[in-house]
Amino acid sequence: MTSPHEARLEKLNRISSSGIDPWGHYFPGRIWNSDARSRSTEIKFQLENGTTLELPDVDAKKDDGSSQVDYRQWKTNQGPGQEIGPTVRVAGRVVLMRPTGKLIFVNLRDWTGDIQIFIGKGQVGEANFQLAGEFDLGDWIGVDGRLGRTNTGELTVFAENLHFMCKTLEPPPEKYAGLQDPELKQRQRYLDLAYNDGVMKTFLDRTKIVQSIRETLAKRGYCEVEGPTLHTVAGGAAARPFNTHHNTLDMPLVLRIALELHLKRLLVGGIERVYELGRVYRNEGISPRHNPEFTMLEAYEAFANYEVMMDLTEQIILDALKAIGKGYEVAWGDKTIDFTPPFARRSYDDLFKEHTGLAPTDITGIANLARKLGLDPNGKHPDVVKSEVFEEKVEDSLVGPIFVIDYPASICPLTKRKSSNPLIAERFELFIHGMELANAYTELNDPMLQEELFRTQLEGQADEDSMAKMDHDFVLALRNGMPPAGGLGIGIDRLVMLLTNARSIRDIILFPLLRNQTTN
RNA sequence: GAGGGUGUAGCUCAGUCGGUAGAGCAUCGGACUUUUAAUCCGUGGGUCCCGGGUUCGAGUCCCGGCACCCUCACCA
């Protein structure tokens, strides 16, 4: 008649009434399980005559997973003696328990991994052993003990003293299958992190990737800044924004959809190498590759151009791979990605011709193909139609990593034109397995042309409530002089997906947006 | 927004033709001082996602709703 919850409350009360704080305390000198593991070489076997022997390689496994060395047999063969090892203090969560009478084995987990704890009644004493009897799966405990090996060779902390750190009132997920329900994995990410293999590593890898990006940019002299997330005009991209409102100012605001326009203002101010790594918000559809809020890197470098930014992009990705200990070849689902540099660079028009068989200038042919693909070319600029066909016929088939370079100028309102051909914009996008990972260009710094392009863009999309409104303030900034520059945007979430073998963006965002789950 | 799938014990999942609601793990009680998803014996546990309907009878069939997943649409 005891529910798991009641049982835990009863144990909590018993711990309390024995004079122990069930919510733990300061625990100085505690080391991580990985550090305890690395001290395993200090474990020796001491014979009665005082000589100490190195242990055999008990961690070596046969193909079937069993130990190559029978440690119990080895000890017997050495004659009378005892194992000696360093004293360590560890702490973590109880994830498995195997009580065998007056002895309890505990698998203790911290964020560096698991280590086994041996709690023997004779070794820890009556009071500690009674406390151990109140342990539940999920509880946090601290252990002082000697590092050693069990008969099977398993590295183990032989407990000498136990410290209770935190009672867990909810039972953990099933111990072998783990938490499977994708909804619960997201809503209760802490359970996913704590109990499912590989989840912690994925999110720690995400952090390493982000750190690596900061280091790569710092090495090139870049300066990190924090722009405003509340904008009056949603600019720098074409996406529907989230609308909000400031009460005191009684002013409508939008959450930013891109970092671009404020970073360029900083170029005007003379911050010559500037980047922001931050959250942007787009009020659009949700899919395995789209979350309403996501993390973007944008970097701007004065006196550079899109080719410099292409090299930088490659450097950022290769450094990130290294940071998480991966080589050039990585698995992604049932596919592989070959990051061996240099990444391919192909022009937009070449790829278009190759995949459609049509000349990039064949406006009629392209329109016909568009209709065949179910697109409506009527009333659209030929380059927009071409772009839609490109997305349909080319992008999905780009295995990559491949830089697509030199886009039609008319679909790139923020990009400088090639001096040799004003119809081509100095822009690239990086594709991997059909996914757009980066977007960059030589920045347009002609304020008059910029204003004109904004205006053209607005005319073509007048009906859309969402599309960029004229950002006069940005044009004013440009009128004050922005040095020629290269600019780069990288979708961090997608990069992390590709580098950590995640099929869904929700596997690498800790708390993706979900609907309210309360009541029906 | 459209189509498809899923929702049953704390967790992972079965549930046949519409006929008393099942297993494993976890819990609880017992045995066990070198286990490894420990083992063995015993025990309790259900808003079958929510609301209607059909039926003598619904976890199962029908209608509506909710949440999640997938595909598509949207997405510089």
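This short talk goes over the overall build of chain A and then turns to its cysteines.

I should say at the outset that what we have here is a predicted model, and that every value I quote is computed from it. In terms of secondary structure, chain A comes to 15 helices and 22 strands. The radius of gyration is 30 Å, whereas the globule rule gives 24 Å for 520 residues, so the chain is more spread out than a compact globule would be. If we look along the principal axes, the C-alpha trace of chain A spans about 90 × 55 × 50 Å.

Let me move on to burial and contacts. Of the 520 residues in chain A, 48% count as buried, and the area that the chain exposes is about 26100 Å², of which carbon and sulfur atoms supply 51%. As for contacts, if we take those between residues at least 6 apart in sequence, 66% of them join residues at least 24 apart.

The charges can be put briefly: chain A carries 60 positive and 74 negative side chains, and the centres of these two sets lie 3 Å apart.

That leaves the cysteines, and here one may ask how many disulfides a search of the whole structure finds. The search, which covers the whole structure, finds zero. Two cysteines can be described by their surroundings: Cys223 is partly exposed, with a relative accessible area of 34%, while Cys412, at 2% relative accessibility, counts as buried, given that the cut-off for buried is under 20%.

Methods
Residues are numbered from 1 along each chain as its sequence is written. Chains are lettered from A and ligands numbered from 1 in the order in which they are written. This is a predicted model: local features need pLDDT of at least 70, side-chain atom pairs count only at pLDDT 80 or more; totals for chains, interfaces and linings use all residues. Side-chain values use heavy atoms; hydrogens and water are left out. Helices (H or I, at least four residues) and strands (E, at least two) are DSSP runs, numbered from the N terminus. The radius of gyration is taken over C-alpha atoms; the globule rule is 2.2 Å times the number of residues to the power 0.38. Buried means under 20% relative accessible area, exposed over 50%, partly exposed in between (1.4 Å probe, protein chains only). Contact means heavy atoms within 4.5 Å. Accessible areas come from the Shrake-Rupley method with a 1.4 Å probe; for residues, only the protein chains shown count as cover. Lys and Arg count as positive and Asp and Glu as negative; His and the chain ends are not counted. The place of a charge is taken as NZ of Lys, CZ of Arg, CG of Asp or CD of Glu. A disulfide is a pair of cysteine sulfur atoms within 2.5 Å.
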